[in-house]
Amino acid sequence: MKLHGIQKMTLLDFPGVVSCTIFLGGCDFRCPFCHNFELIDGTAQPVMDEDELIDFLRSRKALLDGVAITGGEPCLHRDLPALIRRIRAEGYKVKLDTNGYHPALLKKILDEKLVEYVAMDIKNSPEKYALTCGLDHINMDKINESISLLMNGDTDYEFRTTVIKEFHESEDFEKIGQWIKGAKRYFLQRFTDRDSVPYGNLSAPSFDEMKKYAEIARKYIPETELRGVE
């Protein structure tokens, strides 16, 4: 497997674990607010292969405890479980980021207990999901199945939403809260514009709006917190 990016050390991506973050290419969504669109449109070239990653991890055992796998969408890669097994064989914990659109592979990973933590995106309320993903249509059964796998499983997890002023309003967080009611934890992340974001004219909600949205969601998910809000 080819890796399209690596952050060699982070204290933020894997809760409670000093880790590196690896980026896999490809995604089946086209979110207009994506920070990593170069991984989706093919402009990001591979930076290392799987064997080079293992060599890197062997050289960092005194510094790192975990590996966060993100993208793109990692679960597009059918050989993802094999990569995770190789990482774990070196003594590392693993966190997976996913859009939830590949429940069969997610189930395999959870059933084999290959990861310690999963972060799944909740893009928006169900009625606005396809729009927010940049698609004409989306199979919500797949998203619902992944939500169920996490909420009814024993792997630690979080749900998270990147909040964009042009895509989200209070009603959406009422609907999301009802949808994932009882989830373990839920983070609202404020959108930050970057040069890599594929579409312009998007903006972040105010701090007060973010607090309001969190208060709405907290009625249904008590552990709702803001992330990336100064």
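Start by selecting Lys-123: the residue is buried, at 11% relative accessible area. Buried here means under 20% relative accessible area, exposed means over 50%, and partly exposed is in between (1.4 Å probe, protein chains only). The model is predicted: local features need pLDDT of at least 70, side-chain atom pairs count only at pLDDT 80 or more, and totals for chains, interfaces and linings use all residues. Residues are numbered from 1 along each chain as its sequence is written, and side-chain values use heavy atoms, with hydrogens and water left out.

**Stop 1: Lys-123**

Stay on Lys-123. The loop around Lys-123 runs between β7 and α4. Helices (H or I, at least four residues) and strands (E, at least two) are DSSP runs, numbered from the N terminus. Now add Asp-121. Its side chain and that of Lys-123 make a polar contact of 3.3 Å. A polar contact is a pair of N or O atoms within 3.5 Å; within protein, one must be able to donate a hydrogen and the other to accept it, and residues adjacent in sequence count only if both atoms are side-chain atoms.

Next, show the surroundings. Setting aside residues up to four places away in sequence, Lys-123 touches Phe-29, Cys-31, Phe-33, Tyr-129, Thr-132, Cys-133, Thr-161 and His-168. Contact means heavy atoms within 4.5 Å.

**Stop 2: Leu-131 and Gly-66**

Move to Leu-131. Helix α4, residues 129-133, holds Leu-131. Leu-131 is exposed, at 55% relative accessible area. Draw a C-alpha to C-alpha distance from Leu-131 to Gly-66: it reads 34 Å, for a separation of 65 residues in sequence.

Follow that line to its other end. Gly-66 belongs to strand β5, residues 66-70. Gly-66 is buried, with 0% relative accessible area. Which residues does Gly-66 touch, not counting those up to four places away in sequence? They are Phe-14, Val-17, Val-18, Ser-19, Cys-20, Tyr-92 and Lys-93. Add Thr-10 as well. Its C-alpha atom is 9.8 Å from that of Gly-66, and the two residues are 56 apart along the chain.

**Stop 3: two backbone details**

Select Gly-71 and Gly-72. The peptide bond from Gly-71 to Gly-72 is cis, with omega near 15°. Gly-72 sits in the loop between β5 and α2 (80-89).

Then go to Lys-113. Phi of Lys-113 is near 55°, a positive value in a residue other than glycine. Its loop lies between α3 (103-111) and β7 (117-121). Is Lys-113 buried, exposed or partly exposed? Lys-113 is partly exposed, at 49% relative accessible area.

**Stop 4: two loop alanines**

Pick Ala-44. The loop here connects β3 (19-23) and β4 (48-49). Ala-44 is buried, with 14% relative accessibility. Beyond its neighbours within four places in sequence, Ala-44 is in contact with His-4, Glu-38 and Leu-39. Now measure to Ser-59. The C-alpha atoms of Ala-44 and Ser-59 are 25 Å apart, with their positions 15 residues apart in sequence.

Pick Ala-204 next. Look for Ala-204 in the loop between β9 (186-190) and α7 (207-218). Ala-204 is partly exposed, at 34% relative accessible area. Show Lys-165, Arg-190 and Phe-191: these are the contacts of Ala-204 once neighbours within four places in sequence are left aside. Val-163 is 41 residues from Ala-204 along the chain, and their C-alpha atoms are separated by 7.1 Å.

**Stop 5: Thr-224**

Select strand β10, residues 224-227, and find Thr-224 in it. Thr-224 counts as buried, with 0% relative accessibility. Its side chain reaches the backbone oxygen of Ile-221 at 2.6 Å. Not counting residues up to four places away in sequence, Thr-224 touches Tyr-186, Ala-214, Ala-217 and Arg-218.

**Last stop: the whole chain**

Zoom out. The protein chain has seven helices and ten strands. Its radius of gyration is 17 Å, close to the 17 Å that the globule rule gives for 230 residues, so the chain is as compact as a globular protein of that length. The radius is taken over C-alpha atoms, and the globule rule is 2.2 Å times the number of residues to the power 0.38. Along its principal axes, the C-alpha trace spans about 50 × 35 × 35 Å.

Colour by burial: buried residues make up 53% of the 230 residues. Among contacts between residues at least 6 apart in sequence, 72% join residues at least 24 apart.
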